[in-house]
Amino acid sequence: MAEGNTALPGAIKIEGPLQLESASVEARLKEVEGKLEKGNSKGTFAWILDVLKTLLPSIVLAILGFALKDSVDQALREREIQLAAVKEMETLVPDLQKTDLDRANAQAKAAQLAAYGRYSVPFFVNILEVGNQYAQAGAEDGLRMVARSEPDTVCATLRTVIQNRTGLYQWQTHLSALKILGQASCTKACRDVVRFRDTMSSVNNYQGWVSLAPIQTEYDKVSKQATETFAQLNSLKPGDCK
Amino acid sequence: MIQKRAQWICSAIAVAAVGCGTAQAQLTNCMDPGPRDVFKIFVDEVRVTGGSAGSARVQARLQSIHTFLSENLRASSGNNGSVRDCGKRYPNDPSDFNSTEFDGLDNLRVVLEVWGVLDGPAKESGSLGFALVPAHSIAPPAVYVIPSANLLNSLRQGRQMSAFAPLVFGISQYQNRSYAAAVPLLCAGTQQLNLVINGQSALVDPAFLSSQQDLVRKVREMTDKAIREARKTAGSPFGQWTPSSDGTFVCPR
């Protein structure tokens, strides 16, 4: 009888009603489907993004290459034109240095050189330094001519002339530079002119700046020109002078 | 394309500019302008008017005048400056010496420019032209043409014709505030200039004479101021000088 008392293993007793809630299952299913749909649309974007990620460096590289090639080509072309201009100017510069040159012919030669625009500016500055009487007058005229069409180049070059304090230039070149800076309305150079005027202070001080030591009357001439140039530029754009 | 256009512009400018340039001959560069850091006197060509200087005899006379002129100027200048032979440089007219020209000469430290002209191949008379660079600012136009009945003899006989040399050096020293150095030069120049004015009064027109006298007056004022300034220096030799009855200082005779 002991066997009859043995309990059956694994029998679970469930109490309460077994109720299937179909509405909540549907809601869950919808939620899962919604998530799946969202996942599908994200997948499309991801796919596009993946393609873009792959293509982007190539596109950027292509654009950069195109732009670089264009600017390099332009720079090379510019350089070729510059070299051609320099070669042609080389034949004109000695004419401007001839001893039998008069003022009118110096102006004519300067006009020919000035037709090369900004490429002629370094030549003119050099002639101001080493030229004879009428060559220097011609160089001043030439710089004025170029300043009418390309003022920025002339202004920037002459600014560096008056900024120099190491004896690279003669006082006559400073004088010409100051004169043209005013005439060409180089307002961006106004502060440099002010600094020049205020720091040249005395003939002894100014002698250290230039290669050929000026005497009192020459110093007075440069100082007067600096004041006149400042007045010209200040009347045009006072803001640039402060 | 750009190059072709630039060439076309160059050619057009060249034609126009050379056309303008040849329309009127002007002063040319000095053949031997000398170093930039010294005061200079430019001696231009001596020419003959109303005839050709082709014959050897005329050429020799012109060369003699040029040589005497240069020598006189050297003697008058002393160590104050260098006399430079400017070759074919020659003004067409005294008015070629305008403000721009004076400014250019001043930048080269040229104090005086001289040229000569003989009235004819067979004539003795002629004139000398003087452009006084430092005097342009005080007595413009500061260009004087002095006639002479016998140009070569005038130059042989004395330095009067080169009176302007010490004067311009004196004015230059004065403008550079070297008063003690300016006084003897201004005195010598004024003295010689007076001789020139008195000697030529019959030859030149009154307006021209008046212009020269104006220069002498300005130089006298300058001399007075130079002496006063020089006297301020201790131990100055001008300290012994006494002013004249009107209170101004004048050069001793």
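Helices (H or I, at least four residues) and strands (E, at least two) are DSSP runs, numbered from the N terminus. The model is predicted: local features need pLDDT of at least 70, side-chain atom pairs count only at pLDDT 80 or more, and totals for chains, interfaces and linings use all residues. Residues are numbered from 1 along each chain as its sequence is written, while chains are lettered from A and ligands numbered from 1 in the order in which they are written.

**Exercise 1. Describe the overall build of chain B.**

Step 1. Count the elements: chain B holds 7 helices and 5 strands.

Step 2. Put them in sequence order, which gives the pattern α-β-α-β-α-β-β-β-α-α-α-α.

Step 3. Apply the burial terms. A residue is buried if 20 or more other C-beta atoms, placed from the backbone, lie within 10 Å of its own, exposed if 12 or fewer, and partly exposed in between. Of the 253 residues in chain B, 38% are buried.

Step 4. Consider the contacts, where two residues are in contact if their C-beta atoms, placed from the backbone, lie within 7 Å. Among the contacts of chain B with a separation of 6 or more, 71% join residues 24 or more positions apart.

**Exercise 2. Determine which side of helix α3 of chain B is buried.**

Step 1. List the buried residues of this helix (residues 99-107): Glu101(B), Phe102(B) and Leu105(B).

Step 2. Examine their directions. Because they cover an arc of only 100 degrees around the axis, they lie on the same side of α3(B); the arc is that of the directions from the helix axis to the C-beta atoms. An α-helix has 3.6 residues a turn, so residues three or four places apart point the same way.

Step 3. Turn to the other side of α3(B), where Ser99(B) and Thr100(B) are exposed.

Step 4. Find the packing partner: the buried residues of α3(B) pack against β3 (110-118) of chain B. Just after the helix, Arg109(B) adopts a positive phi of about 65 degrees.

**Exercise 3. Characterise the packing of helices α3 and α4 of chain A.**

Step 1. State the geometry. The axes of α3 (residues 121-130) and α4 (residues 133-149) of chain A come within 8 Å and cross at roughly 150 degrees. Axes are lines fitted to C-alpha atoms, for helices over the stretch in contact, and angles run from 0 to 180 degrees between N-to-C directions.

Step 2. Classify the angle. The crossing makes α3(A) roughly antiparallel to α4(A), a term for angles over 145 degrees.

Step 3. Identify the residues that meet. Val121(A), Phe124(A), Ile127(A) and Leu128(A) of α3(A) face partners in α4(A) that include Ala135(A), Leu143(A) and Val146(A).

Step 4. Sort the residues of this contact: 8 are nonpolar, 2 polar and none charged. Here Ala, Val, Leu, Ile, Met, Phe, Trp, Tyr, Cys and Pro count as nonpolar, Asp, Glu, Lys and Arg as charged, and the others, Gly among them, as polar.

**Exercise 4. Compare the settings of Ala142(B) and Ser201(A).**

Step 1. Locate Ala142(B) in the loop between β4 and β5 of chain B. Although not a glycine, Ala142(B) has a positive phi of about 60 degrees.

Step 2. Assess its burial: Ala142(B) counts as buried because it has 21 C-beta neighbours inside 10 Å.

Step 3. Note that the loop also contains Pro141(B). The peptide bond from Pro140(B) to Pro141(B) is cis, with omega near 5 degrees.

Step 4. Locate Ser201(A) in the loop between α7 (190-200) and α8 (203-207) of chain A. The phi of Ser201(A) is positive, near 45 degrees, and Ser201(A) counts as exposed because it has 11 C-beta neighbours inside 10 Å.

Technical notes
Parallel < 35°, antiparallel > 145°, perpendicular 65-115°, else oblique.
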